[in-house]
Amino acid sequence: MEDWQQQLHNSITDLQALQRRFGIDIAPLEEVARRFPFQITPHFWKLLEEPDDPLWRQFIPHPAELAPDTLPEDPLNEEALSPVPCVVHRYPDRALLLATGRCASYCRFCTRKRRTGHRAASEEELAAGIAYIASQPAIRDVILSGGDPLTLPDETLCELLSRLRHIRHVEIIRIGSRMPATLPERITERLCRMLARFHPLFFCTHFNHPRELTEESKEACRRLCEAGIPLHNQSVLLRHVNDTPEIIAELCRKLLTFRVRPYYLHQMDLTRGTGHFRTKLDCGLHIMASLRGRISGLAIPCYVVDLPGGLGKVPLTPPYLLHKDGQTLLYSPNGKAVLYKEEDIG
Ligand SMILES: *Cc1c(COP(=O)(O)O)cnc(C)c1O
Ligand code: SF4
């Protein structure tokens, strides 16, 4: 067993450990954990400090997950957009390959809550997924997602990547993984050398709070970078976790020091059992407005809403442009209106 597999194996899955360490009553959480698995890696377990801190809220089960809301389990309509069980094909040129439902730690807000914790795709399912991608010449960009594809052993991943690379129309491959945050030991030199054989390959990390940006994670990102893999990050905007301009600004600034470019800030999807994480759209817009002019433009992600029904992601930006009485006004980052003369063309 490699060290990372040992660490994964040592993950905490028993609520009793919470009771022992924090003295909380775990009875209300038992049913939640039966429905949606509880697992947290030793690395993240060490980062927990106290109940309801930003790590706790992301990974410790909460009774609100079972609240009887009327939201769908699959708000992005991914099941309907699945031509075969492990592919989601929404945009003509891009497809998700969901190789496994396993993750190193389970985020309570996950949009794929309905399937996280499920086993890895079988050999036949993966073969069907790859055959589908091979049959669709419009697909240029394949995103390995899950679950977390890096729960798979190096050999399985390598086999999968080389089968994708043999498809002529696949131009780029992306890997979406939370491991640089949750299990940085997973990002071994060996893994990085293997990934580097499949360029152009991009890696999307998932950090939500500055406290996740540890020295170990920095080292994991360094290894990926040195294998020539461009890194970008997706965060989810989470109530009482990172829903302030200060926290998002610090997160995004620090990501750049890890050589990770902030890519998306996701509005929480309308997934059943995640209402306690959702912020208003205005909260996200307020954060975006406060970043502009205040931190490096390279550190500013794009705030996106994945439209219900699987209609696609759309960016939301604060209003900087206003047409009024035949005039064009633009707003500075500080909110000062500037009259902008648009030259007539021709
Ligand atoms: C988010 C997503 C993508 C990738 O979108 P980009 O905007 O290109 O990063 C592709 N397919 C599905 C189904 C998605 O949800
Ligand atoms: S790591 Fe990703 S797929 Fe896994 S639970 Fe978290 S958000 Fe969901």
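In the predicted model, the centres of domain 1 and domain 2, taken over C-alpha atoms, are separated by 40 Å. Domain 1 spans residues 3–315 and domain 2 spans residues 322–346.

Ligand 2 is surrounded by Cys-103, Cys-107, Cys-110, Thr-116, Gly-147, Arg-178 and His-206. By class, this shell consists of 3 nonpolar, 3 polar and 1 charged residues. One member of the shell, Gly-147, is placed in the loop between strand 3 and helix 7. The peptide bond that leads into Gly-147 from Gly-146 is cis, and its omega is near 15 degrees.

A second cis peptide bond was examined, between His-199 and Pro-200, with omega about -5 degrees. Pro-200 belongs to the loop between helix 9 (189–195) and strand 5 (201–205). Most residues other than glycine have a negative phi, and most peptide bonds are trans. Positive phi values occur at His-240, where phi is near 60 degrees, and at Arg-259, where phi is about 65 degrees. Neither residue is a glycine. His-240 is located in the loop between strand 6 (231–236) and helix 11, and Arg-259 in the loop between helix 11 and strand 7 (261–266). The relative accessible area of His-240 is 49%, so His-240 is partly exposed. Arg-259, at 45% relative accessibility, is also classed as partly exposed.

Side chains of opposite charge can pair when their charged atoms come close. The model contains 28 salt bridges. Arg-259 takes part in a network of salt bridges that also links Glu-189, Glu-219, Arg-222, Arg-223 and Glu-226. Within this network, Glu-219 is paired with Arg-222, and their closest N and O atoms are 2.7 Å apart. Glu-219 and Arg-222 are about one helical turn from each other because they lie 3 residues apart in helix 10 (residues 215–226). Glu-219 has a relative accessible area of 29% and is partly exposed; Arg-222 is likewise partly exposed, at 29% relative accessibility.

A further salt bridge joins Arg-140 to Glu-171, with 3.0 Å between the closest N and O atoms. This pair connects distant parts of the chain, as the two residues are 31 residues apart. Arg-140 is in the loop between helix 6 (123–134) and strand 3 (141–145), whereas Glu-171 is in the loop between helix 7 (154–165) and strand 4 (172–176). The relative accessible area is 42% for Arg-140, which is therefore partly exposed. Glu-171 is partly exposed as well, at 43% relative accessibility.

Asp-306 and Lys-313 form another salt bridge, in which the closest N and O atoms are 3.6 Å apart. Asp-306 is buried, since its relative accessibility is 10% and the limit for burial is under 20%. Its partner Lys-313 is partly exposed, at 29% relative accessibility.

Two buried nonpolar residues were also located. Ile-248 is part of helix 11 (residues 245–257) and is buried at 1% relative accessibility. Its C-alpha atom is 29 Å from that of Leu-98, a residue 150 positions away along the chain. Ala-99 is situated in the loop between strand 2 (94–98) and helix 6, and its relative accessible area of 1% makes it buried. The C-alpha atoms of Ala-99 and Glu-125 are 8.8 Å apart, with the two residues 26 residues apart along the chain.

Glu-125 is also one of the residues nearest the centre of the second largest pocket, together with Pro-85, Arg-115, Arg-119 and Ala-121. This pocket has a volume of about 170 Å³ and is lined by 14 residues. The lining comprises 6 nonpolar, 4 polar and 4 charged residues.

Enclosed space was considered separately. Rolling a probe the size of a water molecule over the atoms shows where empty space is left. Over the whole structure, 1 cavity of 30 Å³ or more is found. The largest cavity has a volume of about 50 Å³. Its lining is formed by Asp-52, Trp-56, Arg-57, Ile-60, His-62, His-276 and Phe-277. These lining residues divide by class into 3 nonpolar, 2 polar and 2 charged.

Conventions: Residues numbered from 1 in each chain as written. Chains lettered and ligands numbered in written order. Predicted model: local features only at pLDDT ≥ 70, side-chain atom pairs only at ≥ 80, totals over all residues. Heavy atoms only, no water. Near = heavy atom within 4 Å. Nonpolar A, V, L, I, M, F, W, Y, C, P; charged D, E, K, R; others polar. 1 Å grid on protein atoms, 1.4 Å probe; cavity = no way out; pocket = protein on both sides within 12 Å on 5 of 7 lines; lining within 4 Å. Points joined across faces, edges and corners; volume = space filled by probe spheres on them. Salt bridge = Lys/Arg side-chain N within 4 Å of Asp/Glu carboxyl O. Helix = DSSP H or I, 4+ residues; strand = E, 2+ residues; numbered from the N terminus. Buried < 20%, exposed > 50% of the residue type's maximum accessible area, 1.4 Å probe, protein only. Domains from an automatic or database assignment.
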